[in-house]
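Please open the model in your viewer and keep the sequence panel at hand. The stops below are arranged so that each selection leads to the next.

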Amino acid sequence: MAVKQNKVLNQFSDFLLWVDNLKETAKDLWLNPVSTGKWSLREILTHILYWDRNSLEMMVPNMLEGAKLFFVDIEKHNQEAAVFAQSYNSLDALIDDLIKTRKQLLDLLEEKYNDTTKFTIDNRNYTYKKFVNVFIHHDEHHKKQIEAFLEQEKSA
């Protein structure tokens with residue numbers, strides 16, 4: 001069990017190195033929408049930060065055997081994150097906050113992680129591994145989106 005646990009959490013922490021590199025590669029572009037009608041890097045990164053905070057404060061502390069948990073209203077949560085993004089005037093400060101929050105979340109997950117613990121979220125069965133994998137895929141989605149945007153901007 002420990003090997004799988006470390007593998008999942010290590011994969012979740014891999015995002016930290018990648019996001020830290022954005023301080024250099026995205027400095028001049030972080031306020032631009034990634035495509036027409038889409039969020040900017042600032043909004044995407046704040047969106048990830050907001051979900052990490054929700055996991056840190058509301059979800060992971062309550063992931064106990066048999067717990068019945070619920071995700072927040074996703075649309076409302078994402079809209080709040082987009083508004084909160086406007087408070088960041090520096091890409092470095094945003095990335096530092098995201099890294100700090102993700103590290104706190106990883107510490108809590110490391111402490112509580114147990115693959116035998118079963119609980120529900122929105123009436124669906126979950127384990128710690130399944131929960132973390134949802135957010136690994138979420139990170140990957142946004143990472144690909146940002147990388148495509150940066151590649152497009154580089155060749156423009």
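The tour goes from an annotated domain to one helix, its two packing partners and, finally, a loop.

**The annotated region**

The coordinates shown are those of a predicted model. Begin by selecting residues 26-146, the range that an unreviewed UniProt entry lists as "domain: DinB-like". Within residues 26-146, helix accounts for 60% of the chain and strand for 7%. Mark the C-alpha atoms at the two ends of this range: they are 9 Å apart.

**Helix H2 and a buried threonine**

Next, select helix H2, residues 41-59, and show the side chain of Thr46, which belongs to this helix. Is Thr46 buried or exposed? Thr46 is buried, because its relative accessibility is 0%, and the cut-off for buried is under 20%. Now display the surroundings of Thr46. Beyond the residues up to four places away in sequence, Thr46 touches Ala81, Phe84, Ala85, Tyr88 and Leu94.

**H2 against H4**

Two packed helices are described by the angle between their axes and the distance between the axes. Add helix H4, residues 91-112, to the selection. The axes of H2 and H4 are 9 Å apart, and the helices pack at an angle of about 25°. H2 and H4 therefore count as roughly parallel to each other, since the class takes in angles under 35 degrees. The crossing of H2 past H4 is left-handed. To view the contact, show side chains on both helices: H2 contributes residues including Leu45, Thr46, Ile48, Leu49 and Ser55, and H4 contributes, among them, Leu94, Ile95, Leu98, Leu105 and Leu108. Colouring this contact by class gives ten nonpolar, four polar and five charged residues.

**H2 against H3**

Keep H2 in view and replace H4 with helix H3, residues 74-85. How do the axes of H2 and H3 cross? They come within 8 Å and cross at roughly 125°. H2 and H3 are therefore oblique to each other, and H2 passes H3 in a right-handed crossing. On the H2 side, the residues to show include Arg42, Glu43, Thr46, His47, Tyr50 and Trp51. On the H3 side, select residues including Ile74, His77, Asn78, Ala81, Phe84 and Ala85. This contact divides into eight nonpolar, five polar and four charged residues. Thr46 is listed in the contact of H2 with H4 and also in that of H2 with H3.

**Further along H2**

Select Ser55, which is also in helix H2. Ser55 is buried because its relative accessible area is 1%. Leaving out neighbours within four places in sequence, which residues are in contact with Ser55? They are Val60, Pro61, Leu105, Phe131 and Phe135. Of these, Leu105 belongs to the H4 side of the contact with H2.

**The loop between S2 and S3**

Finally, move to strand S2 (119-121) and strand S3 (124-126), and select Asp122 in the loop between them. Most residues other than glycine have a negative phi. Asp122, although not a glycine, has a positive phi of about 50°. Asp122 is partly exposed, because its relative accessible area is 32%.

Asn123 is found in this loop between S2 and S3 as well. Its phi is also positive, near 65°, and Asn123 is likewise a residue other than glycine. Is Asn123 buried or exposed? Asn123 is exposed, because its relative accessible area is 64%, and the cut-off for exposed is over 50%.

Terms used
Residues are numbered from 1 along each chain as its sequence is written. This is a predicted model: local features need pLDDT of at least 70, side-chain atom pairs count only at pLDDT 80 or more; totals for chains, interfaces and linings use all residues. Side-chain values use heavy atoms; hydrogens and water are left out. UniProt positions are given in the numbering used here, feature names are shortened, and annotations may be inferred rather than shown by experiment. Helices (H or I, at least four residues) and strands (E, at least two) are DSSP runs, numbered from the N terminus. Buried means under 20% relative accessible area, exposed over 50%, partly exposed in between (1.4 Å probe, protein chains only). Contact means heavy atoms within 4.5 Å. Axes are lines fitted to C-alpha atoms, for helices over the stretch in contact, and angles run from 0 to 180 degrees between N-to-C directions. Angles under 35 degrees count as roughly parallel, over 145 as roughly antiparallel, 65 to 115 as roughly perpendicular and the rest as oblique. A crossing is left-handed if the near helix is turned anticlockwise from the far one by less than a right angle, and right-handed if clockwise. Ala, Val, Leu, Ile, Met, Phe, Trp, Tyr, Cys and Pro count as nonpolar, Asp, Glu, Lys and Arg as charged, and the others, Gly among them, as polar.
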